[in-house]
Amino acid sequence: MTLPLCLCPPSANGLSVEPVKTFFSYHKALMQLLHGAYFGGLSQRKKLEALLALCGDLLKTDSVSIWSMSLCGASLNREFYYQPQSGHHYISYTLLRAQHPLYFNALEEAEILFTHDAIQDPRTQSLKCSYLGAASGMASILDAPIYDGNRLYGILSLESTEPRFWSLPDIACATAFADTISLINTHQAWLNSRKELDYITHHDDFTGLQNRHALQHRMQQLIQEPAPNTFALLWFDIDRLNAINNALGGQVGDAIVSEVAARLRGLLLPGKDMVARVGGDEFALLYSWPDDDAELAATVASIMDMLHQPIDIGQQKLTVTTSVGVALYPRDADDINSLLRCSESAMYHAKACGRRQAQFYNQAVSVSAKARFLLESQLIDALANQGLSVFYQPIMSADLQTLVSCEALVRWCHPSAGFLSPAEFLPLAYEAGLIAELDSWVLERVCQDIKQARAQGLCMPPVAVNLSADTVMDPLLADKVFNLLEHYQIQGGQLELEMIEDAIKEDSSTLPDTLTELVRMGIKLSIDDFGTGYSSLLRLKNLPFTKLKIDRSFIQDLPHNPDDCAITLSVLGMARGLGLAVVAEGVENIDQEQWLQQQGCHYLQGFKYHRPMPVSDFFALLTADMIS
Ligand code: C2E
Ligand code: MG
Ligand code: MG
């Protein structure tokens, strides 16, 4: 169907002068709006409103509206509606394809739909009954398509109550406005997807907190500010979450993580900058550092108190504790990665010192690169020149209270600081890549001591030696141990090897073979600090361990802490199911002892019986045992 256009006579060069002039005036007005100082800063909604208003005013129509087509093309929905007489309206309206098939087809087929008599035009006639009712009284319609890429997104619709022959400038102008709307929508969609991507890359889906990436970004900003801020990075780790997962189920663990996240998020603390989830059960908090360590320590203690309040989980109340590492910018480190390392290592230090505490990054041990370098070289020296020693702590049978085995624990007799415990120098040994060498040294020293005991006619019980992840993952470990046993003429049954869950969590193709080889030599294998790591029981089941050592942190509040009782009972039950013997570490009093005996724990280790002691004292103890 040909629809009449109002065309003016052509000029001498073939173009009609008036329409061209009119079109340019429209175009100029549109450009002025788009390039106006304020337009770029408007929201998408305000931009579209401004465009509709300009279009309506320029073309002097009775209304201008934007309609969006539903994704399946079944309906058109009015989103914006402007009447020059009365302004913007937000009365929604929907047209269904089922009721107006010709109109919908025409919109899809025609690039632009215009009619001076909508009531008579077969394409728009169906609108008469509903949309073009008496109230609306629309007589002429001009619809220009708005695209979203190749898809018809919707239309820009101009309506007039008087019959109107749409001119070429009208059509060109409507098309220019519709194209501008397409561009604005596309730009907005791009901004939205960038925001979404930004959200995904900066947030943790489970808690909704920001993630490690966002934390690093924020720290970078704080450091780069013209007057850089001093701030503290607090690193929180929920103690023993894995044990809770194992004993009470993953849902309980998840509920605890969300509650801790919610408490940190809701924490009202002047100077709090941001909270991020930086690991499964680890959170970081950036905090303007008050430049007063005592004040900062008090603040950290109050945050920990708040986190340690009981958590309601269904019918139960659970109390969790956290270990916290604190690192200060710029005092401890002046770049992001070092600062992250400092606070994480301070947190590990807090864990090594018994958990449920905060540790500032240890200035004394590693404040400056120079001091660290010195300490590292002293440790290398100690390794080479017998500066380390091995203490022995007896392990007792739970029923008869007799000494059945012992654990070898390394000590460093530091030239100026005196005896250092492993918590004070093992992190450095790890960082400096000396841990495997240290383990080898301890292993050899233990073999020498066993040989020495034999030479003295003492009955040395099996000795448990702790191995780090680096040592356990060494494909040559079994060979090295074999050589030591040969060299010192020792039976494999004289040795036990302890490793923490995290040391065996990595997937290594050689690990099962190494462990099997060791067991073949008669060596027993134990999982140390059970309940503090992340191993899955299924994995343990497939590896040749024969003992579990329950971490001291579960034992210390027995039998008064119901959570610890539940967890310890569940570990004992699991161990029984897997045919493993259980050692309770850190037994200090009779209440713990009795409870553990009643629950069928096999072995007990702790200060209640003996503290770790130098080899000479241990030999004296063995001698006394033999005499009595
Ligand atoms: P671990 O293997 O769990 O050793 C038990 C720790 O608990 C020892 O701390 C021991 O002194 C302490 N302990 C035992 N009974 C009690 C008690 O009743 N109360 C309290 N408060 N503590 C008790 P230590 O000697 O400081 O060793 C800490 C950790 O350092 C060890 O934990 C082990 O993971 C690691 N470690 C020690 N020696 C070596 C080694 O030669 N190589 C490696 N890789 N790690 C070692
Ligand atoms: Mg151990
Ligand atoms: Mg242990």
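## Two magnesium ions and a ligand, in questions

In sequence, the residues that donate to the magnesium ion (ligand 2) follow the spacing E-x58-N-x31-E-x29-D. This is a predicted model, so the talk below is about computed values.

Reader: OK, which protein donors hold the magnesium ion (ligand 2), and how far from it do they lie?

Author: The spacing E-x58-N-x31-E-x29-D gives the residue types in order. Put names to them and you get E407 (OE), N466 (OD1), E498 (OE) and D528 (OD). Their distance from the ion is 2.0 to 2.2 Å.

Reader: How many residues apart in sequence are the parts that N466 and D528 tie together?

Author: N466 sits in strand β19 (residues 463-467), while D528 belongs to strand β21 (residues 524-530). Because they lie in those two strands, the pair ties together parts of the chain whose separation in sequence is 62 residues.

Reader: Is D528 buried or exposed, and what about N466?

Author: The cut-off for buried is under 20% relative accessible area. D528 comes in at 5%, so it is buried. N466 has 24%, so the word for N466 is partly exposed.

Reader: And the magnesium ion (ligand 3): what are its protein donors, and at what distance?

Author: Here the sequence spacing reads D-D-x55-E. The names are D528 (OD), D529 (OD), and E585, which is listed twice through OE. They lie from the ion at 2.0 to 2.5 Å.

Reader: Which residue bridges the two magnesium ions, and how far apart do the ions lie?

Author: Look for a name in both donor sets: D528 (OD) is there for ligand 2, and D528 (OD) is there for ligand 3. So D528 is the bridge, and the ions lie apart by 3.9 Å.

Reader: Where in the chain do D529 and E585 come from, and how many residues apart are they?

Author: D529 is in strand β21, and E585 is in strand β23 (residues 581-585). That makes this another pair linking distant parts of the chain. The two residues are apart by 56 residues.

Reader: Buried or partly exposed: which word fits D529, and which fits E585?

Author: Buried means under 20%. D529 has 22% relative accessibility, so it counts as partly exposed. E585 is at 9%, so the word for E585 is buried.

Reader: Now ligand 1. Which residues are closest to it?

Author: The shell has 24 residues in it. By type they divide into ten nonpolar, five polar and nine charged. The closest are E407, R411, D528, E588 and F607.

Reader: How far is an oxygen atom of ligand 1 from the side chain of D528, and how far is a nitrogen atom from E588?

Author: For D528, the ligand's oxygen atom is 2.7 Å from an N or O atom of the side chain. R552 has a side-chain N or O atom 3.0 Å from a nitrogen atom of ligand 1. For E588, a nitrogen atom of the ligand pairs with a side-chain N or O atom at 2.4 Å.

Reader: How much of the accessible area of ligand 1 does the protein cover?

Author: On its own, ligand 1 has 790 Å² of accessible area. The share of this covered by the protein is 85%.

Reader: Which element gives the most to the shell around ligand 1?

Author: β17 (403-414), α12 (422-431), α13 (435-455), β19 and β21 each supply at least two residues. One of them gives four, the most, and that is β17.

Reader: How many disulfides does the structure hold?

Author: Take C173: its closest cysteine sulfur, in C55, is 5.2 Å away, so there is no bond. C459 is in no disulfide either, since the nearest cysteine sulfur, that of C406, is 11 Å away against a limit of 2.5 Å. The disulfide count for the structure is zero.

Reader: Which peptide bond before P330 is cis, and what is its omega?

Author: Most peptide bonds are trans. P330 lies in the loop between β14 (322-329) and α9 (336-352). The bond from Y329 to P330 is cis, with omega near 0°.

Reader: What phi does Q489 have?

Author: Most residues other than glycine have a negative phi. Q489 is in the loop between α15 (477-487) and β20 (495-500). With 59% relative accessibility, Q489 counts as exposed. Its phi is positive, near 55°.

Definitions and conventions. Residues numbered from 1 in each chain as written. Chains lettered and ligands numbered in written order. Predicted model: local features only at pLDDT ≥ 70, side-chain atom pairs only at ≥ 80, totals over all residues. Heavy atoms only, no water. Donors = N, O, S within 2.8 Å, 3.2 Å for Na, K, Ca; no water. Buried < 20%, exposed > 50% of the residue type's maximum accessible area, 1.4 Å probe, protein only. Near = heavy atom within 4 Å. Polar contact = N/O pair within 3.5 Å; in protein donor to acceptor, adjacent residues only side chain to side chain. Areas by Shrake-Rupley, 256 points an atom, 1.4 Å probe, with all protein chains shown as cover. Nonpolar A, V, L, I, M, F, W, Y, C, P; charged D, E, K, R; others polar.
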